[in-house]
Amino acid sequence: MSTAVVLDPNASKNRTVHPFVGTFASCTEKVFSTMLGWDIVLADQTQSRGFLSKYDVSGIIGFSGGLRGTLVVSCSAEMTYSAAESFLGARPTDITDDVVDLVGELTNMIGGSSKDRLGIAGIELGLPAVVSGIGHRVSFQPSAHVEILHFLCDAGPFTVEIGFRLPSAAK
Amino acid sequence: MKVLVADDSGVMRKIIIRALNSVGVTDTIEAANGQEAIDAFKANPVDMILTDWNMPEKNGLEVVTEIRATGSEIPIIMVTTEAQKSQVIAAIQAGVSDYLTKPFDSDDLRAKLDKFVAV
């Protein structure tokens, strides 16, 4: 059911990584560690253009105010089942309301904990939304600066994508 | 010790209850929105309330305000991702006893519980 991550070998890997990336990476690791008890590994960091991975479930949350952007957390359905199993006592076999709820909460926590550590005043967080659909893709507007964090864990790969308008002071 | 857990996310309620169980608190009541939380508080003798901020019907701040208006001094801990200074101040002014930011682990929760009641 899940689709393996395939990185486009022609995608440019910009070695200059935006400073925000470290904050989102560490907050993602903390959320998975404290809430799920999972160890995750940041396997790669890329930027948009040529990113080909497709996932089954994506949590999406917007930023506004001091930083305008969108955070997207994407993973396979199997990974969400593994995460949900620890709370539900039984492993889901479909993307249920509880699975959607869990992905939304994880996305909310990554977004919420990150925004307080970015060092930018006045960032507001939207309400999380969850997209479920086997092999879907989430795309950002061409004007957005996009950083993609590729994580690995025992339950499989997942990504945290941050697309944002660079604050004028941070350019 | 009996704890009321209020959060519109069913999964988050399960996470919080699991964390409570891990520190020895097994008697819990759940509320899925602010009004349910207030109704549960009035109907059940609880020792502590853990409430989310953003909930339908009434949000956590409204829950705290309404419970404090009854004269109750029950410990109320706000469990939320909202951690900016202005929001923390608003919560304290409303009568919140303490604040627990998500994500949290069982040690974080235990530290908050220990401040108010013997578990």
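## A walk through chain A and its neighbour

Read from one end of the sequence to the other, chain A goes α-β-β-β-α-α-β-β-β-β. That adds up to three helices and seven strands. Keep in mind as you look around that this is a predicted model. Chain A has 171 residues, and 41% of them count as buried. Of its contacts with a separation of 6 or more, 73% are between residues 24 or more positions apart.

A good place to start is strand β2(A), residues 55-65. Eight of its eleven residues are buried, so β2(A) is largely enclosed by the rest of the structure. Now look at its partners. With β3(A), β2(A) runs antiparallel, and seven bridges join the two; a hairpin of three residues makes the connection between them. You can spot one of these pairings where A:Val57 has A:Cys75 as its bridge partner in β3(A). Strand β5(A), residues 129-136, also pairs with β2(A) in the antiparallel sense, this time over five bridges. Here, A:Gly59 is matched with A:Val130. Then there's β4(A), residues 123-125, which pairs antiparallel with β2(A) over three bridges, with A:Gly65 standing opposite A:Ile123.

Next, move on to helix α2(A). It covers residues 77-88, twelve in total, and reaches 16 Å from its first C-alpha to its last, close to the 16 Å expected. Which of its residues are buried? They are A:Ala77, A:Met79, A:Thr80, A:Tyr81, A:Ala83 and A:Ala84. These residues pack against α1, β2, β3, α3 and β7 of chain A, so to speak the helix's surroundings. After the helix comes A:Gly89, with a positive phi near 85°.

What about the core? The largest nonpolar core holds 73 residues, and those touching the most other members are A:Val73, A:Val103, A:Ile110, B:Leu4, B:Ala6, B:Ile16 and B:Leu50. Take A:Val73 as an example: leaving aside its neighbours within four places in sequence, its contacts include A:Val103 and A:Ile110, both of which are also on that list. A:Ser58, A:Gly59 and A:Phe158 are among its other contacts.

Finally, turn to where the two chains meet. The contact takes 14 residues from chain A and 14 residues from chain B. On the chain A side, α1 and α3 each supply at least two residues, and α3(A) gives the largest share, eight residues. Sorted by character, the chain A side has five nonpolar, four polar and five charged residues.

Methods:
Residues are numbered from 1 along each chain as its sequence is written. Chains are lettered from A and ligands numbered from 1 in the order in which they are written. This is a predicted model: local features need pLDDT of at least 70, side-chain atom pairs count only at pLDDT 80 or more; totals for chains, interfaces and linings use all residues. A nonpolar core is a set of buried Ala, Val, Leu, Ile, Met, Phe, Trp, Tyr and Cys residues joined through C-beta atoms within 7 Å. A residue is buried if 20 or more other C-beta atoms lie within 10 Å of its own, exposed if 12 or fewer, and partly exposed in between; C-beta atoms are placed from the backbone. Two residues are in contact if their C-beta atoms, placed from the backbone, lie within 7 Å. Helices (H or I, at least four residues) and strands (E, at least two) are DSSP runs, numbered from the N terminus. The expected span of a helix is 1.5 Å times one less than its number of residues. Ala, Val, Leu, Ile, Met, Phe, Trp, Tyr, Cys and Pro count as nonpolar, Asp, Glu, Lys and Arg as charged, and the others, Gly among them, as polar. Two strands pair if DSSP finds at least two bridges between them.
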